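Visitor: I would like to go through this structure slowly, asking at each step what entitles us to the words we use. Could you show it to me before we begin?

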Amino acid sequence: MHESDVLIVGSGQAAKPLATRLAKAGRRVVLFEAVAVGGTCINTGCTPTKTMIASARAAHVARTAARLGVHVRAVEVDLAQVVDRKDAIIRAFRSSIEAAYAAAGERLRVVREHARFVDKLTLEAGGERYRAPLIILDVGARAATPSLRGLDKVPWLDNAGIMALRRVPEHLVVVGGGYIGCEMGQMFRRFGARVTIVQSGEHLLSREDGDVASAIEGVFAAEGIDLALRCAGTDVAPDGGGVALRLTDGRTIKGSHLLVALGRRANTDTLGCEAGGVRLDPRGNVVADEFYATSAPGVYAVGDVLGGPQFTHTSWDDHRRLFDILMKPDAPRQPRSARLIPYSVFTDPQVAAVGINERTAKSRGIPYQVATMPMADVARAIEVDEKAGLMKVLVDPSADRILGASVVGAEAGELIHVFLVLMQAGASPRAMVDAEFIHPTFSEGLQTLVMKLPRYALS
Ligand SMILES: Cc1cc2nc3c(=O)[nH]c(=O)nc-3n(C[C@H](O)[C@H](O)[C@H](O)COP(=O)(O)OP(=O)(O)OC[C@H]3O[C@@H](n4cnc5c(N)ncnc54)[C@H](O)[C@@H]3O)c2cc1C
């Protein structure tokens, strides 16, 4: 039996800073990783998608440059080269994580094995047993396998498989119009594939307001992406070298490749949670309180395994909060559900949001005032011909506060931070009216947006 102070399972986004900081603070830490250091974000999530999306955007910009008076004769995408570039960046990111582990010294040991509970506060990995008074689970999630009839009879791709393809598919059928389906669908359309996205809801990105989702749907349609909205796949079968997907509306879509992007499933099925006394919810997520404590004393969980919101920055922030809970017990604590969690979908244009949107305000009966402005009204957007999208802000009518904002537009993922910081600081939207924004920028449009609210309008 190996004894230490802390065992961390999974090398995800919270694990690296937790492991290195706990070791620096004098704790003997053992970190287990079954597949590759860096977890989903580095290996099969944020890093590879955003790297490949950059290649797809280059192809799109070249193809559409004529609108700016620049004529590109032919655009050829070498997917193998795109994938090699992506893999090189992943390798570089992984190496820097490994270097950080090595720099932590002998107090941090990385065991490249799958770990599972065999008893309370006891794990087994690679045939050896490990015990510590503190165990942190950062095991993340993977693509969920839906109960789609016939799926086991066809070759289908998940987020990892599709980013390993070295030739552009002829016709990619994407089941699921959430952020992964949208990012992948647009990326492969820009690489040259025919793309159909099947989405059971009324809109893509079903959590967004209707006008926000419609803005991105308009862009997708203009780029030639076929959208099959309000219908789901009922069953799938092999069809020549490809697949035939039958839909609830009676249609059958035939494609060369099938990407399934229907949510994520926590990596708890082989974790031995029962032996460890760690309670799971019916979907397999670890149940933890506001301060990451699971049902097993001494066992904490962070990141995607908690069921959501599933973002890298959320997992990283979980690390920051849990570190303080463990190492600074007298410091004031905030429940994790009270924090602001912004996000961005890296389609082009991006879709970013923070706080609540109109859909949420209505469903919760929260009073609000809203201002909306098309991106096409922003001077910068016209100058660079990135006019698709809109900006929206919701404010509390009885208090001088922002409730939330959504932006669809170029670099929306950057723009949303203006609202994030104001909301985090509890500042008045008036700060945006009083501030001097640089002309011509997209951010300047945010100021104009706020001034569309009667309370902040110039008289
Ligand atoms: C295609 C895609 C794109 C994404 N894009 C973004 C984005 O742009 N921005 C963003 O914020 N988020 C994005 N995400 C989500 C983001 O990747 C995750 O939220 C984040 O990686 C979660 O980190 P984590 O700490 O929960 O664990 P993970 O990063 O999932 O890491 C968990 C690790 O635990 C290991 N593990 C699991 N079980 C065991 C075990 N029993 N023993 C040992 N090791 C184990 C796994 O191998 C894995 O390495 C994306 C995800 C996907 C799939």
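Guide: What follows is a set of questions about terms and the values behind them, and it should be said at once that this is a predicted model.

Visitor: What makes Arg-230 count as exposed?

Guide: Exposed requires a relative accessible area over 50%, and Arg-230 has 58%, so the residue counts as exposed. Arg-230 sits in the loop between β12 (226-229) and β13 (233-239), and its phi is near 60°, which is a positive value in a residue other than glycine.

Visitor: Why is Glu-411 called partly exposed?

Guide: The term covers values between the limit for buried, under 20%, and the limit for exposed, over 50%; Glu-411 is at 44% and therefore counts as partly exposed. Glu-411 belongs to the loop between β23 (402-409) and α12 (412-425), and here too a residue other than glycine has a positive phi, near 55°.

Visitor: How do you know which class Ile-382 falls into, buried, partly exposed or exposed?

Guide: Its relative accessible area is 48%, so Ile-382 is partly exposed, given that exposed would need over 50%. Ile-382 lies in helix α11 (residues 379-383) and, leaving aside residues up to four places away in sequence, touches Ala-376 and Lys-387. The C-alpha atom of Ile-382 is separated by 14 Å from that of Ser-443, a residue 61 places apart from Ile-382 along the chain.

Visitor: What makes a group of residues a nonpolar core, and which members of the largest one touch the most others?

Guide: The members must be buried residues of the nonpolar kinds, joined through side-chain atoms within 4.5 Å. The largest such core has 50 residues, of which Ile-8, Val-9, Phe-32, Ile-135, Ile-136 and Leu-137 touch the most other members. Helix α1 (residues 15-24) gives the most to this core, with five residues. Apart from it lies another core, of 33 residues, including Met-52, Ile-216, Val-345 and Val-408. In soluble globular proteins, nonpolar side chains tend to be buried together.

Visitor: Which residues does Val-9 touch, if those up to four places away in sequence are not counted?

Guide: Val-9 touches Phe-32, Ala-115, Leu-123, Ile-135, Ile-136, Leu-137, Asp-138, Val-139 and Leu-271.

Visitor: How do you know that Glu-33 has a polar contact with the ligand?

Guide: A pair of N or O atoms must lie within 3.5 Å, and a polar side-chain atom of Glu-33 is 2.7 Å from an oxygen atom of the ligand, so the pair meets the limit. In Ser-315, an N or O atom of the side chain is 2.7 Å from a ligand oxygen, while in Gln-13 a polar backbone atom is 2.8 Å from an oxygen atom of the ligand. Of the ligand's accessible area on its own, 1000 Å², the protein covers 94%. The elements that give two or more residues to the shell around the ligand are α2 (39-43), α3 (46-63), α6 (179-191) and α9 (312-327).

Visitor: How do the residues of that shell divide into nonpolar, polar and charged?

Guide: There are 16 nonpolar, 18 polar and six charged residues in the shell. Among the 40 residues around the ligand, Glu-33, Thr-40, Asp-138, Asp-304 and Ser-315 come nearest.

Visitor: Where is Pro-349, and what is the form of the peptide bond that leads to it from Asp-348?

Guide: Pro-349 is in the loop between β19 (343-345) and β20 (350-355), and the bond from Asp-348 is cis, with omega near 5°.

Methods:
Residues are numbered from 1 along each chain as its sequence is written. This is a predicted model: local features need pLDDT of at least 70, side-chain atom pairs count only at pLDDT 80 or more; totals for chains, interfaces and linings use all residues. Side-chain values use heavy atoms; hydrogens and water are left out. Buried means under 20% relative accessible area, exposed over 50%, partly exposed in between (1.4 Å probe, protein chains only). Helices (H or I, at least four residues) and strands (E, at least two) are DSSP runs, numbered from the N terminus. Contact means heavy atoms within 4.5 Å. A residue is near a molecule or strand if one of its heavy atoms lies within 4 Å of it. A polar contact is a pair of N or O atoms within 3.5 Å; within protein, one must be able to donate a hydrogen and the other to accept it, and residues adjacent in sequence count only if both atoms are side-chain atoms. Accessible areas come from the Shrake-Rupley method with a 1.4 Å probe; for residues, only the protein chains shown count as cover. Ala, Val, Leu, Ile, Met, Phe, Trp, Tyr, Cys and Pro count as nonpolar, Asp, Glu, Lys and Arg as charged, and the others, Gly among them, as polar.
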